[in-house]
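Let's walk through this structure together, one region at a time. Keep the 3D view open and follow along as we go.

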Amino acid sequence: MLQSRHAAELSLPARLSWDEATGTWRWRARVAEAAHLWRTWFEGLSAAFVALPLPKLLVVGGVERLDCAMEAAHMQGRFRLEVVPHTGHQIHEDRPEEVAACLRRFLDGIERQR
């Protein structure tokens, strides 16, 4: 989950609701009920990303989870890869300045190509 307390204080309240009966915070969405669908959400995603006919940026916390298609496409220069070392799912919330710098470099590069 989030590693930044500040980010958690800003983004989690909208995702949680207080359960008066149990005296606990509960997820608003029943995330676990969709577990059987999680795998299908990502099938074909790498190919769809690589096939987009426009400049692309992928910001990740580490490269160990890139699949073969993404590694090959990156080596072919089909997208820009930025690594911001991070272990959670909320890289944009935990490391906003670094993610913003990645975006700025990417957009500056596109602007220079015009």
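A good place to begin is aspartate 108, which has a relative accessible area of 30% and is therefore partly exposed. Please keep in mind that this is a predicted model. The side chain of aspartate 108 meets that of arginine 104 in a salt bridge, with 3.0 Å from N to O. Both residues belong to helix H6, where they sit four residues apart, or about one turn of the helix. Arginine 104 has 47% relative accessibility, so it too counts as partly exposed.

Now step back for a moment to see the whole fold. The protein has six helices and four strands, and from the N terminus on these elements follow the order α-β-β-α-α-β-α-β-α-α. Of its 114 residues, 28% are buried. The accessible surface amounts to about 8,800 Å², and carbon and sulfur atoms account for 58% of that. If you look at contacts between residues at least 6 apart in sequence, 38% of them join residues at least 24 apart.

Let's return to the charged side chains. How many salt bridges does a search of the whole structure find? The search finds four, and the pair in helix H6 that we started with, aspartate 108 and arginine 104, is a salt bridge of this kind. Next, turn to glutamate 82, whose side chain forms a salt bridge with arginine 80 at 2.9 Å, N to O. Glutamate 82 also meets the side chain of arginine 105 in a salt bridge, here at 3.1 Å, N to O. Because glutamate 82 lies in strand E4 and arginine 105 in helix H6 (residues 96-113), this pair ties together parts that are 23 residues apart in sequence. Taken together, Arg80, Glu82 and Arg105 are linked in a network of salt bridges.

Is glutamate 82 buried or exposed? Its relative accessibility is 10%, so glutamate 82 counts as buried. Its two arginine partners are another matter: arginine 80 is partly exposed, with a relative accessible area of 33%, and arginine 105 is partly exposed at 37%.

Moving on along the chain from strand E4 (80-83), you come to the loop that leads to helix H5 (91-94), and here you will find histidine 86. With a relative accessible area of 12%, histidine 86 is buried. Its side chain makes a polar contact of 2.9 Å with the side chain of aspartate 94.

For a change of character, rotate the model to look at the nonpolar side chains on the surface. Trp27, Val31, Leu37, Trp38, Trp41, Phe42 and Leu45 form a nonpolar patch there, and together they offer about 740 Å² of accessible area. Which helix supplies the largest share of the nonpolar patch? That is helix H2 (residues 38-42), with three residues. Tryptophan 41 lies in helix H2, and at 48% relative accessibility tryptophan 41 counts as partly exposed.

Finally, have a look at the cysteines. A search of the whole structure finds zero disulfides. Cysteine 68 has a relative accessible area of 66% and is therefore exposed, whereas cysteine 102, with a relative accessible area of 2%, is buried.

Definitions and conventions
Residues numbered from 1 in each chain as written. Predicted model: local features only at pLDDT ≥ 70, side-chain atom pairs only at ≥ 80, totals over all residues. Heavy atoms only, no water. Patch = residues over 30% accessible without salt bridge, like charges linked within 9 Å, V, L, I, M, F, W, Y side chains within 5 Å. Areas by Shrake-Rupley, 256 points an atom, 1.4 Å probe, with all protein chains shown as cover. Helix = DSSP H or I, 4+ residues; strand = E, 2+ residues; numbered from the N terminus. Buried < 20%, exposed > 50% of the residue type's maximum accessible area, 1.4 Å probe, protein only. Polar contact = N/O pair within 3.5 Å; in protein donor to acceptor, adjacent residues only side chain to side chain. Disulfide = S-S within 2.5 Å. Contact = heavy atoms within 4.5 Å.
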